[in-house]
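Please open the model in your viewer and keep the sequence panel beside it, since this tour moves from one selection to the next.

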Amino acid sequence: MSRIAAVSSTFPPYRHRQEDLADAAAALCAIQPTRRRLLDRLYANAGVRNRHTVLPLDDYQRLDGLGPANDLYIEHATALGAQAVDKALRQAGVRPEDVDLFVTTSVTGVAVPSLDARLVPLLGMRWDVRRIPMFGLGCVAGAAGLSRIHDYLRAWPEHTAVLLAVELCSLSVPVADPSASDLVASALFGDGAGAAVVRGDSCAAGSASGGAPLRIVATHSELCPGTQDALGWHLGSGGFRIVLSTELSEVLERELGVVVKRFLADHGLQTPDIAAWIVHPGGPRVIDAVRDALDLPEDQVATARASLAEVGNLSSASVVHVLGKTLAEPVAPPGPLVMVGLGPGVSIELLLLERPG
């Protein structure tokens, strides 16, 4: 097993109320009065109260195409990622030069050299640190990154790994002729970064930020057949455009319960045995679908809803934020925990976690 030694979340300085973001989106996209009613309804029903943006709202009017937006992504994702990783390393009491594996996830911009290569000298990591940049997994990448780190640490139990998930979703808001799906996405997604320090079993003992140490016991990855067009990005001349099927929640209700119950059965567990569920807050309907597919009481998805309300859907960084909130709860529920990551594919990533007694 491997141990999560620290979890951190970091956000850009610009924080906005959902109502102000609706006004900004209407102006940015030149929404006509008849569509404004739709936009207001989507924003009101998104389950979001506040979100962060990497730029002041007025600056989005001056973005000029994919190239300049991606240049801003590289600049700000590097800076925000450095803050998140530095914060997590300090919480874990780990020096940057002691990191053996650095995994980065992002899907809201493209960087070559990758973000991890840019961050190694900024953070003071060793030049021979192993690096895995992950692109294309979308919202599931935070959970998938932790899973792949666990796989690595099973082979190298004396090593230390860092996960960084950084997303600047606001730089992908479509300006020209936004579709209904574009408006849904603009009502949900926020900017932010999450980082985690994970150590192999042979490393010195440490505690997860906010309380007791947390072990990763097992992981599982699965694609839902025939769902590749349900969720993702389409890259056009104007940048990324969301692909979002109305069938996504139905896919989750149909597929997720079977996958999770099989995963738990492999470890002698059932859903009532799980003390806490760390669920990706994809949106109110996604959270509802997870709750219903697993037959969970509403309080088991309350932390996911709180994360969505506080900062919006952070794509790959969201599940890291929910993990941090779960660990920071004043009374840690006894028993195993399960992380549920969801993303394009439709893909499901599960992690079985436990607090040692």
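What follows is a walk through a predicted model, with a selection to make at each stop and a note on what is there.

**The interior**

Begin by selecting Leu256, Leu264, Trp277 and Leu342, which touch the most other members of the largest nonpolar core, a set of 51 residues. Then add helix 7, residues 248–265, because eight of its residues belong to this core and helix 7 thereby gives the most to it. Which residues does tryptophan 277 touch, not counting residues up to four places away in sequence? They are Val260, Leu264, Thr271, Leu294, Leu296, Gln300, Val338 and Val340. Another core lies apart from the one around tryptophan 277, and to find this core of 34 residues you can select some of its members, including Tyr60, Val94, Val129 and Ala193.

Next, select helix 10, residues 318–327, where eight of the ten residues are buried, so that the helix is largely enclosed by the rest of the structure. The buried residues of helix 10, which you may colour separately, are Ser318, Val319, Val320, His321, Val322, Leu323, Thr326 and Leu327.

**Cysteines without a bond**

How many disulfides does a search of the whole structure find? The search finds zero, and cysteine 139, which is in no disulfide, has as its nearest cysteine sulfur that of cysteine 169, 7.5 Å away. Cysteine 139 is itself buried, with a relative accessible area of 12%. If you now move to cysteine 224, you will find its sulfur 14 Å from the closest cysteine sulfur, in cysteine 139, which is too far for a bond. Cysteine 224 is also buried, at a relative accessible area of 4%.

**Salt bridges**

A search of the whole structure finds 24 salt bridges, and a few of them make useful stops. Select arginine 148 and glutamate 349, whose closest N and O atoms are 3.5 Å apart in a salt bridge. Arginine 148 belongs to helix 5 (residues 141–155) and glutamate 349 to strand 13 (residues 347–354), so this pair ties together parts that are 201 residues apart in sequence. Is each partner buried or exposed, or something in between? Arginine 148 counts as partly exposed at 31% relative accessibility, whereas glutamate 349 is buried at 4%.

The next pair to select is arginine 215 with aspartate 201, a salt bridge in which the closest N and O atoms are 3.1 Å apart. Here arginine 215 sits in strand 8 (residues 214–223), while aspartate 201 is in the loop between strand 7 (191–200) and strand 8, the two being 14 residues apart. Aspartate 201 counts as partly exposed, with 36% relative accessibility. After this pair, select Asp288, Arg291, Asp292, Glu298 and Arg305 together, for these are joined into one network by salt bridges that share partners.

**The surface and a cis bond**

Turn now to Val110, Val112 and Phe135, which form a nonpolar patch on the surface and together have about 320 Å² of accessible area. Valine 110 can be found in the loop between strand 4 (101–105) and helix 4 (115–123), and valine 110 is partly exposed, with a relative accessible area of 41%. Stay in this region and look at the backbone, where the peptide bond from valine 112 to proline 113 is cis, with omega near 5°. Proline 113, too, lies in the loop between strand 4 and helix 4.

**Further loops**

Where can a second cis bond be selected? The peptide bond from glycine 345 to valine 346 is cis, with omega near -20°, and valine 346 is in the loop between strand 12 (337–343) and strand 13.

For backbone angles of another kind, select alanine 30, a residue other than glycine whose phi is positive, near 50°, in the loop between helix 1 (18–28) and helix 2 (33–44). Aspartate 295 likewise has a positive phi, near 55°, and is placed in the loop between helix 8 (284–294) and helix 9 (302–311). At 67% relative accessibility, aspartate 295 counts as exposed.

Finish at glutamate 97, in the loop between helix 3 (66–92) and strand 4, which is partly exposed with a relative accessible area of 32%. Not counting residues up to four places away in sequence, glutamate 97 touches Gly124, Met125 and Arg126.

How values were computed
Residues numbered from 1 in each chain as written. Predicted model: local features only at pLDDT ≥ 70, side-chain atom pairs only at ≥ 80, totals over all residues. Heavy atoms only, no water. Disulfide = S-S within 2.5 Å. Buried < 20%, exposed > 50% of the residue type's maximum accessible area, 1.4 Å probe, protein only. Patch = residues over 30% accessible without salt bridge, like charges linked within 9 Å, V, L, I, M, F, W, Y side chains within 5 Å. Areas by Shrake-Rupley, 256 points an atom, 1.4 Å probe, with all protein chains shown as cover. Salt bridge = Lys/Arg side-chain N within 4 Å of Asp/Glu carboxyl O. Helix = DSSP H or I, 4+ residues; strand = E, 2+ residues; numbered from the N terminus. Core = buried A, V, L, I, M, F, W, Y, C linked by side-chain atoms within 4.5 Å. Contact = heavy atoms within 4.5 Å.
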